[in-house]
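Here are a few notes to read alongside the model. Keep the 3D view open and follow along.

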Amino acid sequence: MRYQITSDSTCDLSPELLQRYNIRLLPLYVNMDGKTLRDGVDVRPDDIYAHVSAGGGLPKTAAVNLADYVRMFTELSAQNDFVIHICISLDFSCCYQNACAAAQEYENVFVVDSENLSTGQGLLVVAAAKLAEQGLSGAEIAERVRALAPKVEASFLIERLDYMRKGGRCSAVAALGANLLHLKPCIEVRNGKMAVCKKYRGSFEKCIRQYVKERLDGREGIAPELAFITHAAADANVVAAAKEEAAQYGSFETVEETQGCTVSCYCGPNTLGILFVRK
């Protein structure tokens, strides 16, 4: 069968993975001081860091609009037996509502709420692509991916809180206190929403090692096929430390490293997470 797996750009998959699985993305919009740019097309993480460092305001993301979805679904539904589109969590954006509204006109377009963001969403996109390769129908794939969504474990460790403070997700007092105490908060996606689950103390590399170990050590209920180490301009030594801990305490067949604008806009540089699926 002919098919197309699509997603919002918030899935933060690497160009190599997008090409490998022939995944098509629709970019969200990033507003930077009055300019509306397309995520991954007109603006990339380094552009955001440079803009904020130069004194610019914190960029804000805007959902893929209804017209964008209609254009894509109109094109792809005519060319394929089915289209699977996987959205960022309904609780983070109105992408899902817009995609569902656009898909109503097409019986062969299936929209799935990932209940996640970044490569938590990306894990479901890759899963959908692999199921399609096995010859499943569009309805079967959508059903299986929806069942898989609650099993995705997505979390990130944040070194600096100025981006979250500027975005209104953390008070100036809390940010100052965390900096003085060298605290690194860990945020986790739970039921489609982000929440702080723990705070680590010490150098970022030390905290990353502890965080990855605690996420993986002694856990037999983790699916071994794939994990993502996703970060926002983290130091190479920090990324290497995360990979070392993942190799020691996990049993993944593949660990992919990715970066993306989603994490960059919300959490700022030197944010890193390990994301995977539970059995």
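Which residues of α6 are buried?

1. Keep in mind that this is a predicted model. In it, the buried residues of α6 turn out to be Gly138, Ile141, Ala142 and Val145. They sit on the same side of α6, because they cover an arc of only 100 degrees around the axis.

2. Now look at what lies over that side. The cover for the buried residues of α6 includes two strands, β6 (82-87) and β7 (109-113), along with the helix α5.

3. Next, try the helix pair. Helix α5 spans residues 118-133 and helix α6 spans residues 138-148; their axes come within 10 Å and cross at roughly 145 degrees. The crossing is right-handed. On the α5 side, the contact is made by Leu124, Ala127, Ala128, Leu131 and Ala132, and α6 brings Ile141, Arg144, Val145 and Leu148. Sorted by class, that gives 8 nonpolar residues, 1 charged and no polar ones.

4. Ile141 is worth a second look. The largest nonpolar core has 56 residues, and Ile141 is listed with Leu13, Tyr69 and Phe73 as touching the most other members. Helix α5 gives this core its largest share, 8 residues.

5. Pick out Phe73 too. Leaving aside residues up to four places away in sequence, Phe73 touches His85, Ala99, Ala102, Ala103, Tyr106, Val109 and Val111.

6. Don't stop at that core, though. There is a second, separate one of 21 residues, and among them are Cys186, Val212, Phe252 and Ile274.

Note on methods:
Residues numbered from 1 in each chain as written. Predicted model: local features only at pLDDT ≥ 70, side-chain atom pairs only at ≥ 80, totals over all residues. Heavy atoms only, no water. Axes fitted to C-alpha atoms, helices over the stretch in contact; angles between N-to-C directions. Helix = DSSP H or I, 4+ residues; strand = E, 2+ residues; numbered from the N terminus. Left-handed = near helix turned anticlockwise from the far one by under 90°. Contact = heavy atoms within 4.5 Å. Nonpolar A, V, L, I, M, F, W, Y, C, P; charged D, E, K, R; others polar. Core = buried A, V, L, I, M, F, W, Y, C linked by side-chain atoms within 4.5 Å. Buried < 20%, exposed > 50% of the residue type's maximum accessible area, 1.4 Å probe, protein only. Arc of directions from axis to C-beta.
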